[in-house]
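Here is a quick tour of a structure, written for someone new to reading them. Take a look first, then read on.

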Amino acid sequence: MTTGQHYIILGGVLAALLTIAPGLIWLERRLLALWQDRYGPNRAGPFGVLIVLADTIKLFFKEDWVPPFADRKVFIIAPAIVAITVLMSFVIVPFAPGVIVVDLNIGILFFLAMSSMGAYSIILGGWASNNKYALLGAMRGAAQMISYEVFMGLSLMGVVLLTGSFSLVDIVEAQRGMWFVVPQFAGFITFLIAGIAETHRLPFDIPEAESELIAGFHAEYSGMKFGMFFVGEYLGITLISSLVVCLFFGGWLGPAFLPPLAWFALKTFAFIMLFILLRASLPRPRYDQLMAFGWKVLLPVTLLNLLITAAIKLT
Amino acid sequence: MLSILRTLWLTFLHMFHKRETILYPEEKPKLPARWRGRIVLTRDPDNGERCVACYLCAAACPVDCIALQATEDETGRRYPEFFRINFSRCIFCGYCEEACPTYAIQLIPDFEMAEYNRQNLVYEKEDLLINGQGKYPGYNYYKVAGIAIGGKDKGQAERESPPVDVRSLIP
């Protein structure tokens, strides 16, 4: 691949992601409305799409307030971390054959590293806000991400065992015969749950928990700094959806009547819809329930899955 | 776990339900007949003003948004010289309608009264007075049915008119 092509892919991926992230705001509002017997934003532009533009302009014009009691430097850098780490993770996602920024041979490990880095954004944001609710949210976020990261990594190891490679391109290619969702169903479920927890979306939005902690770790954020957390969250949804598709649902593979990129986009879109459906229907569990579910149910399931996969692979 | 899946499915099915939202400017909401909205002054069937300027509505008004001045025409019939309702103060409680002895002041199902200028919310008599009888068609304060005495039923004597069955008018 020439350098020119590389830059085109890089620019294309970045442009697509930064269009998708605000587009998801509109999509989520429309879909939530759909599932609550409402219409949602439908005034500005066709189907209300321009509400995104209005929202962005509004965010830019809001006062960019840094509380006097906050740790100024950390406070400013925290929102950037979440967006950067998620965007970095997209480096390893193969959108179609050849359409990938870098085909790292440690692909999945890189993603796990980056998603762990994302926890820093929450912790630092909550800590720098110097506000008890923000700190509580940050603590919850840290605890949740650490405990869910454990079996997020383990749940992927089944796929890695079956493929024998950490590279996502190899993993997708290995699914030509059968999607990994069939032999790795437990891995798929645990990865999906861990992924939801990782993006702290409902029902795992314990760090935000607007009904208990106001807005949790980003309680003190306003304007475009809050916007960065927002964009990071939606990018995270896209990331987890596209990873689920790559790891368990055959990525770009599909019948030939649609191009590979379209198959990938379609599958990812279906999972984004699932994320929003989860938000529309499920209540938030209590903090201790979340922890107990993670350590006492999901972790044993993941370990069992890993053991069985390894045993089958060995024989 | 099954209950979670059931919840997801039931929420998903809501996609195909009827929307609750009324898309307001294009689609008007259906207001009940007794909705307390814009206040009007009505006329009797003979096209005379029903209002006899008794000040009871102004006295009943909890926010003092009604102002009027009584006067008499050449036949001695009382009517308001001016009648002013400040809708920027009005709370649409309907007490004026309840206090009115002649069914002159009525609240009707209309709420589209928004104005850019606050001053425009002060309605004068020519804005309030309508060319109709409102919720009580056929009622005339100056017509009496009288009382029934031996050999004469209600509304049978000279200058008496047959009684109106108010219950038949309930919307």
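What follows goes through the two chains in turn, then the cores, and then the place where the chains touch.

First, a word of caution: this is a predicted model.

**Chain A**

Let's start with chain A, which has 11 helices and zero strands. Reading along the sequence, you meet one α after another: α-α-α-α-α-α-α-α-α-α-α. How does the radius of gyration of chain A fit with a compact globule? A compact globule with 315 residues would have a radius of gyration near 20 Å, and chain A has 20 Å, so the two agree. As for burial, 45% of the 315 residues of chain A count as buried.

**Chain B**

Chain B mixes its elements, with four helices and five strands. From the N terminus on, they come in the order α-β-α-β-β-α-β-β-α. Is chain B compact or spread out? The globule rule gives 16 Å for its 171 residues, but the radius of gyration is 23 Å, well over that, so chain B is more spread out than a compact globule. Buried residues make up 16% of chain B.

Here are some values for each chain, set out by row:

| Property | Chain A | Chain B |
|---|---|---|
| Span of the C-alpha trace along the principal axes | about 60 × 45 × 45 Å | about 80 × 50 × 30 Å |
| Share of contacts with a separation of 6 or more that join residues at least 24 apart | 78% | 67% |

Now for some pieces of chain B. Helix α1 of chain B covers residues 2-13, so to speak a 12-residue stretch, and reaches 16 Å from its first C-alpha to its last, close to the 16 Å expected at 1.5 Å a residue. The number of buried residues in α1(B) is zero, so this helix lies largely in the open.

Chain B also has an open sheet of three strands, in the order β2-β3-β5, with antiparallel pairing. Its edge strands are β2 (66-72) and β5 (122-123) of chain B, each of which pairs on one side only. Which strand does β2(B) pair with over seven bridges? That is β3 of chain B, residues 78-86, and the pairing is antiparallel. If you want a spot to look at, find A67(B), which stands opposite R84(B) in β3(B).

**The cores**

The largest nonpolar core has 85 residues. Those touching the most other members are V93(A), L168(A), F191(A), L243(A), V244(A), C246(A) and L247(A). Helix α9 of chain A (residues 223-248) gives the most to this core, with 15 residues. Try picking out C246(A): leaving aside neighbours within four places in sequence, C246(A) is in contact with V93(A), P94(A), L168(A), I171(A), V172(A) and G251(A). Apart from the largest core lies another one, of 20 residues, and among them are L41(B), C61(B), C65(B) and L128(B). There is a broader pattern behind this: in soluble globular proteins, nonpolar side chains tend to be buried together.

**Where the chains touch**

How many residues of each chain are in contact with the other chain? On the A side there are 10 residues, in contact with 11 residues of chain B. Both α1 (3-35) and α10 (260-281) of chain A supply at least two residues of the side of chain A that touches chain B. The largest share of that side, three residues, comes from α10(A). By type, the residues of this side divide into six nonpolar, two polar and two charged.

Terms used
Residues numbered from 1 in each chain as written. Chains lettered and ligands numbered in written order. Predicted model: local features only at pLDDT ≥ 70, side-chain atom pairs only at ≥ 80, totals over all residues. Core = buried A, V, L, I, M, F, W, Y, C linked by C-beta atoms within 7 Å. Buried ≥ 20, exposed ≤ 12 C-beta atoms within 10 Å, placed from the backbone. Contact = placed C-beta atoms within 7 Å. Nonpolar A, V, L, I, M, F, W, Y, C, P; charged D, E, K, R; others polar. Pairing = 2+ DSSP bridges. Rg over C-alpha atoms; globule rule 2.2 N^0.38 Å. Expected span 1.5 Å × (residues − 1).
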